[in-house]
Amino acid sequence: MEAGALVSSESKIESFEESFLPHLDAAYNLARWLTRDPTDADDVVQEAYFRAFKFFDSFHGGDSRSWLLKIVRNTCYTWLQKNRPREIVYELDEEMHVAPTGNPEKDLLEDLDRRELRRLVEELPPSNREILVFRDIQGLSYKEIAAITELPIGTVMSRLARARKRLQAAAGIQLPEVSAG
Amino acid sequence: MNCEDVRTLLDGYADGELDLVNHLQIEQHVVECEDCSQRVKKTAGLSKALSDDAFYYRAPNELREKIRISLGPPEREAAMERWWNWRWLPALATAAVATAVLMTMLVFLLPTRSADDMLASEIVSAHVRSMMIDNHLTDVPSSDQHTVKPWFDGKLDFAPPVIDLDGQGFKLIGGRLDYAAGRPVAALVYQRRQHKINLFIFPSDSTSNTPNKILLKQGYSVIHWDRSGMTFWAISDLNLNELQEFAQDLQS
């Protein structure tokens, strides 16, 4: 019996590795942006893979990347809650009080210095930051983001719009106001 | 549609995520409205800036190893020795015979999977393998189609078409030999942002062109088509929309 159990756990490890190790970069990128620290990202990703392996029996095929990223994301938030609880502040008001820091001559974020842009993204609240990481940095579709965050697609779109608006405001980029008509 | 209505959908529009009806309506509005057109431009500029590889943090190599080690039981081989015992032998032999009989029966009883489905699994495995092993991705790393194409000469019994799509945002990064469908095949590797695309090419059984077959498998987007006597399989962790764009660019 034990011999059999050992063999099956070996093949379980193999199929787990085959499904999830190819998504390690995506997992790390998300953790790195959410924790903003390479060592912490390392710890969180290891913890997330450990959890994923524990729950592997409940994974019935399908989109393995979304499944993994959902676990990485949850692990990140648990970690933040424990280690940096002050960072998880829910934005209750839609108003933004962000002092513009960008160069007024710059019209598009494309023109911003990369280091400056990275700093601006890092300073966004995690819920804004993650949605930009999912869509613009990782290139995921709204559907995939909805699966990972367990939000409706419409909410994904409005959160993304809010995050982009906030980032543009922080960069001092003026957006035309709504005109009637 | 006025600006107020349009504004809630502008991000979806800029991301190419709207349904056709909404997409066309916004498109129409943006042509006429300078303010909204500015917003789309700025949103697209932001997405473009952030899609730069410099913003994508790759996992350090040691992390992969650390995870592997943490998953595996400590000293796998030592564990094997501990469990192995000669008294298992008769039981194992009986089990082996029983398994063989069962397998033989299953072969006749199980419905066979379609050839396409099996090939799709093979393609996914080949893609995963190429991503897992360092340096396995390309045998001829080059962004020049005139370097990649002749490299296959003499290595394959067909000449795969090598198309430059740099202008469309899909950078050719090289080619390699792979094995699928029971034969050596050409694998071309393209890249968009940090996403690699494997394009497998080999002679097709028929000479007719087929429309794109699209599937999602293990989180990968896969598109398959036949054209000019060749079979093409494109696979990537890129989202399906962009991979379809890739397939269209190749076929145009």
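Q: What is the pLDDT over residues 75–79 of chain B, and how many contacts beyond four places in sequence does the model have for them?
A: pLDDT is the predictor's confidence in each residue, from 0 to 100. Over residues 75–79 of chain B it stays under 50. The model has four contacts beyond four places in sequence for this stretch, a contact being heavy atoms within 4.5 Å.

Q: How do you know what kind of model this is, and which residues count?
A: The model is predicted, local features need a pLDDT of at least 70, side-chain atom pairs count only at pLDDT 80 or more, and totals for chains, interfaces and linings use all residues, while side-chain values use heavy atoms, with hydrogens and water left out. Residues are numbered from 1 along each chain as its sequence is written, chains are lettered from A and ligands numbered from 1 in the order in which they are written.

Q: Which elements of chain B have the lowest and the highest mean pLDDT?
A: Elements are DSSP runs numbered from the N terminus: helices are H or I of at least four residues, strands are E of at least two. In chain B, helix α6 (residues 76–83) has the lowest mean pLDDT, 50, and β7(B) the highest, 95. Chain B averages a pLDDT of 85, and 89% of the residues score at least 70.

Q: How does chain A score, and which of its elements are lowest and highest?
A: The mean pLDDT of chain A is 82, and 77% of its residues reach 70 or more. Helix α1(A) (residues 2–20) has the lowest mean, 72, and α2(A) the highest, 96. Over residues 1–6 of chain A the pLDDT stays under 50, and the model has six contacts beyond four places in sequence for them. The pLDDT is also below 50 over residues 91–105 of chain A, a stretch with 23 contacts beyond near neighbours in sequence. For the complex, the predictor gives an ipTM of 0.83 and a pTM of 0.59.

Q: Why are α2(A) and α6(A) called roughly parallel or roughly antiparallel to each other?
A: Axes are lines fitted to C-alpha atoms, for helices over the stretch in contact, and angles run from 0 to 180 degrees between N-to-C directions. α2(A) (24–35) and α6(A) (126–137) pack at about 150°, with axes 10 Å apart. Angles under 35 degrees count as roughly parallel, over 145 as roughly antiparallel, 65 to 115 as roughly perpendicular and the rest as oblique. The two helices are therefore roughly antiparallel. The contact is made by residues including W33(A) of α2(A) and F134(A) of α6(A).

Q: What makes up the contact of α2(A) with α6(A), in nonpolar, polar and charged residues?
A: The contact divides into seven nonpolar, one polar and two charged residues. Ala, Val, Leu, Ile, Met, Phe, Trp, Tyr, Cys and Pro count as nonpolar, Asp, Glu, Lys and Arg as charged, and the others, Gly among them, as polar.

Q: How do you know how α2(A) and α4(A) run relative to each other?
A: Their axes come within 10 Å and cross at roughly 25°. α2(A) and α4(A) are therefore roughly parallel. Their contact divides into twelve nonpolar, one polar and two charged residues.

Q: What makes α7(A) and α8(A) roughly perpendicular or roughly parallel?
A: α7(A) (142–149) and α8(A) (153–170) pack at about 100°, with axes 9 Å apart. The pair is therefore roughly perpendicular. Among the residues that meet are I145(A) in α7(A) and V156(A) in α8(A).

Q: Why do β1 and β5 of chain B each have one side left without a neighbour in the sheet?
A: Two strands pair if DSSP finds at least two bridges between them. Seven strands of chain B form an open sheet in the order β1-β2-β3-β4-β7-β6-β5, with antiparallel pairing. β1(B) (140–141) and β5(B) (213–217) stand at the edges with a single partner strand each, so one side of each lacks a neighbour.

Q: How do you know that β5(B) and β6(B) pair?
A: They share five bridges in the antiparallel sense, and I223(B) in β6(B) is the bridge partner of I214(B). The two strands form a hairpin with two residues between them, and Q218(B) in the turn has a positive phi of about 50°.
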